[in-house]
Amino acid sequence: MPNSVEKRIPRRDFVKLAAAGAAFGPFFLFPDRALAGQKTLKIAKWVHFVPEFNSWFESMAMDWGRQNNTTVTVDEIPVEKISAMANAEIEAGKGHDVFMFPWPPAEYCQHAIDHGEVYQLVASKYGAIQQLAHRSTFNLKNKTYFAFADFWTPSPLHFFEDFWAHVGMPLGPVHYGSLRSGGKKLRDQLGIPCGLAFTPTLEGNVTLHTILYAFRAWILDGNGNVLFNKNAFAVGVLKYIQALYQDSGTPDQLRWGPGGNVQAMLARQTSSTNNAISLLREAEKQEPRVAREIWLQPPLIGTNGMGVTALPHVTNCSVVWNFSQNQDGARQFLADLIDTSRAGYEKSLGCNFPIYPKTVPDLIVRLSKDSQADPSYKYMGLKDALHWTPNLGVPGFATPAYMEIFNSSLVPRMVQSVLKGESSPEDAAAAAASEIQRISEKWNQLS
């Protein structure tokens, strides 16, 4: 159920404050008048994978409300329902003052204020905007920012060391070729399939968009022109995914709901997957024995000259709607949010990497000496994560066209049609390219 966080002064506390602070006079003598003068700030937030972070965020929002004479409400929305809720608010022309997405909300650029002022407020304390945030929230058409990004979550490869050691790869697969060859041996010898997510979920979307990019099967170029299926890369990557599934997959991969790949790994039913480190954190909490066997490494090396790369599992982007009833308060809340980045990193158990590095200057030290990891240096594979994590929309920006392609699960639908035998790689790539072209043309006409 949605959670509400509101500023209220309990009667017993009011009496104590009134007795101790008579000098404040009218404020304590007339509490109803004081409360009537309060502003309100309504926040919609996607449900984070780490429950501790959700609890902390609500408490932090309450504190901010107290300090700013504002009644704050926080509604938590499952990730899979975020887009539907945002669409409903836009259609109604009313809703929350701050709406938080786990990905760049470029599709809603026409309904957002310019968040450039928020970035400017933060720059005075923490420096210029980071490239990942800039390319995830900047509108190339009108040179404004349709959202504000405060943290992101890398998506490294998780693998079971004991499984992969059995096939001579104790350090796990390092490129897509070894993922396929080693994955086949694991399924043949141990009956353990590979566990990449292929369904229309956040995990499946990020995984498959990462693979497309790693194989140079790019969707749009930097100018928004359609690249997909303009060369042999698109069909080539679909043939690779088809072969990977046939050699090392499981039918469950085509049925997983949100977090399905995570649950399969926690049950030791799969050998590897791409995911946020919330997977390993959950293992550390539930079953330390399982956690000891799960290791992290940077993403797999791509083909056709592509290096190590993986799209972010999350890019936390907040939108202040242009119909918000408290735009000034919303701007200030987002700017002040950066002051809490260190606490947010800690309460997310290290999932939330800061957009502004100065807020967690000892990040590398924390990764090298993690108190929950066994061994303590297990998370050091993330030390260069910013270097191998481009923005959604790469090689361009997170444009409305790209994000509609992402949020419509076009890529997972295309892949599933191949894996289920409904389409050949060639036909699936052609159909997807046609849909991508339609979406691109639609947004070109709207801009």
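## Cavities, a pocket and a small sheet

The second largest cavity is lined by His 209, Leu 212, Tyr 213, Ala 217, Trp 218, Ile 219, Leu 311, Val 394 and Tyr 402. Helix α10 supplies 3 residues, the largest share of this lining. By class, 8 of the lining residues are nonpolar, 1 is polar and none is charged.

The model is predicted. Its mean pLDDT is 92, and 91% of the residues reach 70 or more. Residues 1–35 stay under 50, and the model has 31 contacts beyond four places in sequence for them. Where pLDDT is low, the predicted coordinates should not be read in detail.

**Empty spaces**

The structure holds 3 cavities of 30 Å³ or more. The table gives volumes for two of them and for the largest pocket.

| Space | Volume |
|---|---|
| Largest pocket | about 630 Å³ |
| Largest cavity | about 160 Å³ |
| Second largest cavity | about 70 Å³ |

Of the 18 residues that line the largest cavity, Phe 53, Asp 150, Phe 151, Gly 344 and Asn 352 are the closest to its centre. Two or more lining residues come from each of β1 (39–46), α4, β6 (148–153), α16 (341–347) and β11 (353–354). The lining of the largest cavity has 10 nonpolar, 6 polar and 2 charged residues.

The largest pocket is lined by 31 residues, and nearest its centre lie Phe 49, Val 79, Glu 203, Pro 258 and Gly 259. The elements giving two or more residues to this lining are α4 (51–67), α10 (202–214), α12 (260–266), α13 (278–286) and α18 (400–407). Among these, α13 gives 5 residues, the largest share. By class, the pocket lining has 14 nonpolar, 11 polar and 6 charged residues.

**The sheet beside α13**

Strands of a sheet pair through backbone hydrogen bonds, either parallel or antiparallel. Here 3 strands form an open sheet in the order β8-β7-β9, with antiparallel pairing. Why do β8 and β9 each have one side without a neighbour in the sheet? Both β8 (272–274) and β9 (294–297) stand at the edges with a single partner strand each, so one side of each is left free of a neighbour in the sheet. On average, neighbouring strands of this sheet are turned by 25 degrees against each other, direction ignored.

Strand β7 (residues 157–160) pairs with β9 over 4 bridges in the antiparallel sense. One of the residues involved is Phe 160, whose bridge partner in β9 is Ile 294. Helix α13 packs on the sheet and touches β7, β8 and β9. The direction of α13 makes about 160 degrees with that of β9.

Methods:
Residues numbered from 1 in each chain as written. Predicted model: local features only at pLDDT ≥ 70, side-chain atom pairs only at ≥ 80, totals over all residues. Heavy atoms only, no water. 1 Å grid on protein atoms, 1.4 Å probe; cavity = no way out; pocket = protein on both sides within 12 Å on 5 of 7 lines; lining within 4 Å. Points joined across faces, edges and corners; volume = space filled by probe spheres on them. Nonpolar A, V, L, I, M, F, W, Y, C, P; charged D, E, K, R; others polar. Pairing = 2+ DSSP bridges. Axes fitted to C-alpha atoms, helices over the stretch in contact; angles between N-to-C directions. Contact = heavy atoms within 4.5 Å. pLDDT = per-residue confidence, 0-100.
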